[in-house]
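Reader: Please take a close look at one part of this model, the open sheet and what lies around it. I would like a connected account rather than a list.

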Amino acid sequence: MNIKIALAGNPNSGKTTMFNELTGSSQHVGNWPGVTVEKKEGNLKGYKGVTVVDLPGIYSLSPYTLEEVVARDFLLKEQPDAIINIIDASNIERNLYLTTQLAELNIPVVAALNMMDIVEKTGIKINTEKLSKLLNCSVVETSAVKGTGLKELVSKAVEAAKTNVKNVPTLEFSKYVSDAITGIENIYNSYEYSPNSRWIAAKLFEKDKLVMENIKLPEDLKSAIMEIVEEAENKYDDDSESIITNQRYEYIEKIVKDTVVKQKRSGLSSSDKIDSVVTNKLLALPIFFAVMWLIYYVSISTIGDMTIGYVETIVGFIQVGVENLLTSAGASFWAIDLAVNGIIGSIGAIFTFVPQLMILFFFLSLLEDSGYMARVAFIMDRIFRKFGLSGKSFIPMLIGTGCSIPGIMASRTVENEKDRRMTIMLTPFVPCGAKLPVFAMFIALMFPNDAWVGPSMYLIGISAVIISGIVLKKTKLFAGDPAPFIMELPNYKMPRMKGVAIHMWEKAKSFVIKAGTVIFLSCTVLWVLQNFSATFEYLGAERVDESMLASIGGAIRWIFVPLGFGDSWAASVASITGLIAKEVVVATFASVGSVIPIEFTQVTAFAFMVFTLLAAPCFAAIGAIRNEMGNWKWTLIAIGYQTGLAYVLSFLVNTVGSFIFRGTSATERKILDISIMEEAAEGAVVNGDIVLIIFAAILFVAIGFMIYNKFSLSVKKAEAKA
Amino acid sequence: MPLTMAKAGEDLLIKKILGRDETKNFLETLGFVIGGIVTVVSENNGNVIVMVKNSRVAIDKSMANRIMV
């Protein structure tokens with residue numbers, strides 16, 4: 001027999017931590033609501049044929065955001081054999097709201113009072129036995145972080161699933177509401193039978209959209225039900241869903257009074273104290289920018305820079321080793337070339353940047369784990385609202401600095417459909433980790449003395465987000481105000497090294513997999529296309545212009561002529577291979593450039609960088625966009641917009657740049673010297689000092705903005721008085 | 001009065017939440033129910049951070065204005 005047990009609970013109650021403990025998985029955890037946006041399955045350790053399903057957090061069975069729909073649909077449509085309801089014991093009243101709803105689902109529920117270790121420290125006492133009796137389901141005290149209580153929890157859940165003893169919900173509504181629901185139940189029963197008829201009737205009373213759509217009642221029955229609902233709404237002077245919510249909370253309040261002994265709150269908690277500083281009117285933005293600057297400075301300019309040398313030495317060592325090995329094995333010249341230059345050389349050029357990215361990811365996961373991420377959304381809400389987005393859209397973009405794919409997925413927490421689409425569309429503008437090597441290469445080869453070039457890519461990316469936001473909000477597709485900002489702010493906590501380690505390990509693993517599959521394959525294909533003619537004759541370095549790659553590049557290069565880099569076929573090819581993975585752009589230049597000279601001017605190089613920054617992301621990210629948009633129409637709109645904007649801006653850079661800098665060194669043609677590419681480093685992308693200057697500038701603008709706001713506010717007040 | 005005008009640190013009784021829409025219902029599931037107690041932790045240009053049912057929730061000005069205490 002195959003048993004499926006679902007983990008359900010409020011956001012940030014520790015479901016994924018529990019899931020990892022129960023199944024031995026290493027799913028990403030974080031300390032902000034909305035880390036898990038997709039359901040994950042795993043096998044329960046120590047049991048055969050038991051699957052555990054981790055679900056996104058939900059506050060209730062009436063979903064408000066998209067990831068909540070995922071959880072609710074699973075619970076209602078796929079009907080797990082049992083539900084483990086994870087309750088954050090430090091926040092029991094709010095968490096029990098969902099519990100009362102889960103108990104009505106006709107599925108066995110076992111409640112896990114999680115985070116008991118924290119609760120005991122704060123002096124709150126919970127009478128578990130009594131709670132279990134009142135809720136009419138097993139309640140087990142657990143701590144997922146410490147691993148306590150899990151054995152008992154699991155055995156109870158499996159037993160509940162096997163015996164299939166359902167909980168009889170103990171919640172009673174007021175006489176009036178209860179009668180109204182019975183009335184609806186009778187009407188519904190005249191149409192069809194369901195063992196869940198009471199629950200369905202209650203949902204119909206709440207005018208729940210999904211339930212209404214699913215059961216397709218005839219119009220006359222529908223209006224009879226609506227009559228009952230409207231009568232109740234008039235009596236309570238509130239909408240029916242609120243009536244139910246209020247009564248549910250009244251019921252929970254009674255339970256909590258009977259089972260929980262609270263100690264009086266003594267002043268501010270340490271989280272409140274931290275919040276009073278980091279969400280402070282004046283300090284919030286400066287602190288945020290300082291944190292971001294520190295992250296980039298440390299990961300890219302200092303520690304990251306030091307590791308680059310080691311990676312180069314290792315890559316060089318492998319190259320020489322493989323070359324010797326193949327030579328002694330009597331391999332043909334072209335096989336050696338393929339292995340040493342085509343594959344190891346190209347992947348090595350990319351690998352240089354991995355340590356820095358790892359450190360960047362380390363800091364990003366510290367941000368997520370500490371609880372600061374949720375505050376960042378709150379802080380940025382004020383600014384993002386100015387150009388029509390909610391602060392929640394900032395989280396996907398911040399995550400997108402590492403990789404666009406999790407960023408695009410994180411957009412599910414954005415409530416408003418139009419804003420969610422816009423967030424998906426704009427998140428790839430934030431330079432992701434894979435684009436950094438491209439910039440680093442051009443900076444090292446074309447702009448060795450211009451420290452502003454790297455940060456300018458970030459500024460252009462962010463400006464593209466802001467300007468697109470303002471402009472797109474004016475169009476019909478995206479018009480409308482963003483949803484009001486409501487977000488739970490979790491308690492701050494020390495990041496768990498295990499969680500942070502998991503996050504970094506996952507990133508490293510996914511990069512190695514990417515390098516071993518997609519990038520390896522495309523390097524090989526590129527090398528073949530570059531070294532063979534259409535008739536599969538080996539050409540070698542001298543006749544590369546006759547190669548298949550050259551013909552392909554030649555056929556498409558006219559597209560890029562207006563952008564300034566269409567005169568050579570190599571650059572055209574590179575801008576297409578970037579679709580496979582942005583790192584392959586570097587590999588392409590490394591591979592082709594080591595054979596024939598590729599010419600750029602500083603202006604056209606900059607145009608190429610702008611194009612890479614903004615144009616359609618890699619196929620994997622496009623897949624993620626397709627997934628989140630749900631259809632190809634919106635996917636194509638997004639990619640079309642990105643590529644269109646990239647083309648226009650790149651064209652402007654080339655045309656205006658060529659005009660302004662005509663006759664200067666900026667328009668002088670230079671050959672890309674691939675041999676010094678290994679010296680390319682992200683240190684060149686984000687030079688420490690220039691970052692400092694730019695952050696200081698942003699800080700000043702922010703402070704100026706605030707003073708201006710204050711000033712205009714006091715002027716308005718004065719006017720109002722007058 | 002609306003929540004935006006409340007002083008920080010005081011326990012306030014929720015009297016009514018204006019409007020009828022999804023956002024209002026979402027607020028209610030978070031524990032903003034009539035008769036419930038809410039405390040303003042901090043205020044930032046009308047955006048507030050409040051404690052409700054022992055959890056900390058950030059709400060923007062437009063929504064805070066609809067919560068009457």
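Author: What follows starts with the sheet and moves outward to a loop and to the second chain. This is a predicted model, in which local features need pLDDT of at least 70, side-chain atom pairs count only at pLDDT 80 or more, and totals for chains, interfaces and linings use all residues. Residues are numbered from 1 along each chain as its sequence is written, while chains are lettered from A and ligands numbered from 1 in the order in which they are written.

In chain A, 6 strands form an open sheet in the order 2-3-1-4-5-7, with mixed pairing. Strands here are DSSP runs of E with at least two residues, helices are runs of H or I with at least four, and both are numbered from the N terminus. Two strands pair if DSSP finds at least two bridges between them. The edges of the sheet are strand 2 (40-43) and strand 7 (138-141) of chain A, each of which pairs on one side only. From one strand to the next the twist averages 25 degrees; axes are lines fitted to C-alpha atoms, for helices over the stretch in contact, and angles run from 0 to 180 degrees between N-to-C directions.

Within the sheet, strand 4 and strand 5 (residues 109-114) of chain A are parallel and share 6 bridges. A:Ile86 stands opposite A:Ala112 of strand 5 of chain A. Helix 1 (residues 15-23) of chain A lies across strands 1 (3-9), 2, 3 (50-54), 4 and 5 of that chain, and runs at about 160 degrees to strand 3 of chain A. Contact between two residues means that their C-beta atoms, placed from the backbone, lie within 7 Å.

The loop between helix 2 (66-78) and strand 4 (82-88) of chain A holds A:Gln79. This residue has a positive phi of about 45 degrees although it is not a glycine. A:Gln79 is exposed, with 12 other C-beta atoms within 10 Å; the classes are buried at 20 or more such atoms, exposed at 12 or fewer, and partly exposed in between, with C-beta atoms placed from the backbone.

Strand pairing also links the two chains. Strand 9 (residues 486-489) of chain A pairs with strand 5 of chain B in the antiparallel sense, over 4 bridges. There, B:Ile59 is the bridge partner of A:Ile486. Across the interface, 30 residues of chain B are in contact with 29 residues of chain A. Helix 1 of chain B gives the largest share of the chain B side, 8 residues.
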